[in-house]
Amino acid sequence: MAFFGLRKWPTPVLRPMAPFIAASGITFYLVSTMQEMGVRSEAYATDPKNPYAAQIAKETRH
């Protein structure tokens, strides 16, 4: 018998969500890698609108 909609045993949450959690991690990693590649590309590394331009210039001097 359900008491206020609660079951005797807890409903599994992590196991059914595992593929979505893994896919989210992979997607986050790939998007951040592509963003890093785009920011550091030849065309945009010296662009004054690039917020990482100073950091990239400092790293390339060494």
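**View A: L14 sits in helix α1, which covers residues 14–39.** This is a predicted model, where local features need pLDDT of at least 70 and side-chain atom pairs count only at pLDDT 80 or more, while totals for chains, interfaces and linings use all residues. Residues are numbered from 1 along each chain as its sequence is written, and side-chain values use heavy atoms, with hydrogens and water left out. Helices here are DSSP runs of H or I with at least four residues, strands are runs of E with at least two, and both are numbered from the N terminus. L14 has a relative accessible area of 62%, so it counts as exposed. The labels work like this: buried is under 20% relative accessible area, exposed is over 50%, and partly exposed is in between (1.4 Å probe, protein chains only).

**View B: V13, L14, M17, F20 and I21 make a nonpolar surface patch.** The patch comes to about 550 Å². To get into a patch, a residue needs over 30% relative accessible area and no salt bridge; nonpolar side chains (Val, Leu, Ile, Met, Phe, Trp, Tyr) are joined within 5 Å, and like charges within 9 Å. The areas come from the Shrake-Rupley method with a 1.4 Å probe, and for residues only the protein chains shown count as cover.

**View C: P16 is also in helix α1.** P16 is partly exposed, because its relative accessible area is 45%. How far apart in space are P16 and A54, C-alpha to C-alpha? The answer is 45 Å, with their places 38 residues apart in sequence.

**View D: N50 lies in the loop between α2 (42–45) and α3 (53–61).** Is N50 buried or exposed? Its relative accessibility is 10%, so N50 is buried. The N50 side chain has a polar atom 3.2 Å from the backbone oxygen of V39, and one 3.0 Å from the backbone nitrogen of Y52. (A polar contact is a pair of N or O atoms within 3.5 Å; within protein, one must be able to donate a hydrogen and the other to accept it, and residues adjacent in sequence count only if both atoms are side-chain atoms.) Leaving out residues up to four places away in sequence, N50 touches V39, Y44, A45 and I56, where contact means heavy atoms within 4.5 Å.

**View E: R40 pairs with E36 and E59.** Side chains of opposite charge can pair when their charged atoms come close. A salt bridge here is a side-chain nitrogen of Lys or Arg within 4 Å of a carboxyl oxygen of Asp or Glu, and that rule gives 2 of them. E36 and R40 meet at 2.5 Å, N to O. R40 also bridges to E59, with the closest N and O atoms 3.0 Å apart. That second pair links distant parts of the chain, since E59 is in helix α3 and R40 is in the loop between α1 and α2, 19 residues apart. Sharing partners, the salt bridges join E36, R40 and E59 into one network. E36 is partly exposed at 41% relative accessible area, R40 is partly exposed at 34%, and E59 is partly exposed at 40%.

**View F: The whole chain reads α-α-α along the sequence.** Its radius of gyration is 23 Å, well over the 11 Å that the globule rule gives for 62 residues, so the chain is more spread out than a compact globule. (That radius is taken over C-alpha atoms, and the rule is 2.2 Å times the number of residues to the power 0.38.) Along the principal axes, the C-alpha atoms fill a box of roughly 70 × 20 × 20 Å. Of the 62 residues, 8% count as buried.
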